[in-house]
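Colleague: I would like to learn how to read a model of this kind feature by feature. Could you take me through it, giving the general idea and then the case at hand?

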Amino acid sequence: MPAREHRVFAALYDLIGRRAERGPMGARRRELLREASGRVLEIGAGTGANLPHYPALSALTLAEPDGAMRRRLAPRAAAAAFPVEVLDAPAERLPLADASVDAVVSTGVLCSVDDPARALAEARRVLRPGGRLLFIEHVRAEGRRARLQDRLTPAWSAMCGGCHPNRDTVAAIRAAGFAITALRRLDDVPAAPWIRPIVAGVAVAPAGGG
Ligand SMILES: C[S@@+](CC[C@H](N)C(=O)[O-])C[C@H]1O[C@@H](n2cnc3c(N)ncnc32)[C@H](O)[C@@H]1O
């Protein structure tokens, strides 16, 4: 997979999300990340929007393949109150051992990866049996709104770092073999109509790996 940079998207990312992060999105991140403990891997960590919301962890690894995002992420990671490592790695190819983490965090990432099935298989591989995938993702809608998402996806994806509003990510998580133990819609988080619904959830990796 070639190295990539979405410089404009990375430069605008914090600005675009600023209001939501100070309000409901920040609150929902904090609620989700309360569930994180032990050795945690975050995929597609972006500029580090989750960092202020983690509880104290024994180790946090932030994987981010986009250099423009990583340049914003690195100083924030260095300022964290616990050990944080930043890796240049796509979710589809994680340089981590099998069953080596207790939780994988994905927020707004499975819409953007090149291959969601492969990314989820990698998350399963690196999670210990019983380890958890903690996610906040915007997902495919139903009916007319889904068809609108299909039409808008090519242009939106080009503008927003490869984001696909029309992915049925909850189905993909189940298809990857995870058992979803908590799932709720975040209707209070502001977003354009074509990047709704947004869901938060917890999915457990089965015993026996991938
Ligand atoms: C919408 S941003 C979300 C950033 C961050 N997770 C957050 O919650 O603010 C999507 C992120 O996914 C990253 N991304 C895109 N393709 C990826 C891939 N194949 N593997 C991992 N991350 C990827 C992008 O570089 C970007 O940082």
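**Reading the model, feature by feature**

Modeller: Let us begin with a loop residue, keeping in mind throughout that this is a predicted model. Ala-99 sits in the loop that runs between strand 3 (84-87) and strand 4 (101-107).

Colleague: What is the phi of Ala-99 near, and is its sign positive or negative?

Modeller: The general idea is that most residues other than glycine have a negative phi. Ala-99, which is not glycine, has a positive phi, near 50 degrees. As for its surroundings, Ala-99 counts as partly exposed because its relative accessibility is 36%, between the limits of 20% and 50%.

Colleague: Is the peptide bond from Arg-196 to Pro-197 cis or trans?

Modeller: In general, most peptide bonds are trans. The bond from Arg-196 to Pro-197, however, is cis, with an omega near -5 degrees, and Pro-197 belongs to the loop between strand 6 (179-185) and strand 7 (198-204).

Colleague: Which residues line the second largest pocket?

Modeller: Both Arg-196 and Pro-197 are part of that lining, together with Val-139, Arg-140, Ala-141, Glu-142, Arg-145, Asp-168, Val-170, Arg-185 and Val-199. Sorted by class, the lining has five nonpolar residues and six charged ones, with no polar residue, and the pocket holds about 240 Å³ of space.

Colleague: Is Val-170 buried or exposed?

Modeller: Here the cut-off does the work, since a residue is called buried when its relative accessible area is under 20%. Val-170 is therefore buried, its value being 11%. This residue is in helix 6 (residues 169-175), and although Val-170 and Glu-137 are 33 residues apart in sequence, their C-alpha atoms are 8.7 Å apart in space.

Colleague: How far apart in space are Pro-116 and Arg-167, C-alpha to C-alpha?

Modeller: When reading such a pair, one sets the separation along the sequence beside the distance in space. Pro-116 and Arg-167 are 51 residues apart in sequence, and their C-alpha atoms are 9.1 Å apart. Pro-116 belongs to helix 4 (residues 116-126), and because its relative accessible area is 19%, it counts as buried.

Thr-61 can be read in the same manner. This residue lies in strand 2 (residues 59-63), is buried at 12% relative accessibility, and has its C-alpha atom 9.5 Å from that of Val-104, which is 43 residues away along the chain.

Colleague: How far apart in sequence and in space are Glu-21 and Trp-156?

Modeller: Glu-21 and Trp-156 are 135 residues apart in sequence and 21 Å apart in space, again C-alpha to C-alpha. Glu-21 is a residue of helix 1 (residues 7-22), and its relative accessibility of 25% is why it counts as partly exposed.

Colleague: Let us turn to the ligand. Which of the 20 residues around the ligand come nearest?

Modeller: The nearest are Tyr-13, Arg-29, Gly-44, Glu-64 and Thr-107. By class, the shell around the ligand divides into nine nonpolar, five polar and six charged residues.

Colleague: Where do N or O atoms of Glu-64 and Ala-91 lie with respect to the ligand?

Modeller: A polar contact is read from a pair of N or O atoms, with 3.5 Å as the limit. In the side chain of Glu-64, an N or O atom is 2.6 Å from an oxygen atom of the ligand, while Tyr-13 has a polar side-chain atom 2.7 Å from a ligand oxygen. Ala-91 takes part through its backbone, where an N or O atom lies 2.8 Å from a nitrogen atom of the ligand. Of the 590 Å² of accessible area that the ligand has on its own, the protein covers 95%.

Key:
Residues are numbered from 1 along each chain as its sequence is written. This is a predicted model: local features need pLDDT of at least 70, side-chain atom pairs count only at pLDDT 80 or more; totals for chains, interfaces and linings use all residues. Side-chain values use heavy atoms; hydrogens and water are left out. A residue is near a molecule or strand if one of its heavy atoms lies within 4 Å of it. A polar contact is a pair of N or O atoms within 3.5 Å; within protein, one must be able to donate a hydrogen and the other to accept it, and residues adjacent in sequence count only if both atoms are side-chain atoms. Accessible areas come from the Shrake-Rupley method with a 1.4 Å probe; for residues, only the protein chains shown count as cover. Ala, Val, Leu, Ile, Met, Phe, Trp, Tyr, Cys and Pro count as nonpolar, Asp, Glu, Lys and Arg as charged, and the others, Gly among them, as polar. On a 1 Å grid over the protein atoms alone, a cavity is a set of points where a 1.4 Å probe fits but cannot get out, and a pocket is an open set with protein on both sides within 12 Å along at least five of seven lines; lining residues have an atom within 4 Å of a point. Grid points are joined across faces, edges and corners, and a volume is the space filled by probe spheres set on the points. Helices (H or I, at least four residues) and strands (E, at least two) are DSSP runs, numbered from the N terminus. Buried means under 20% relative accessible area, exposed over 50%, partly exposed in between (1.4 Å probe, protein chains only).
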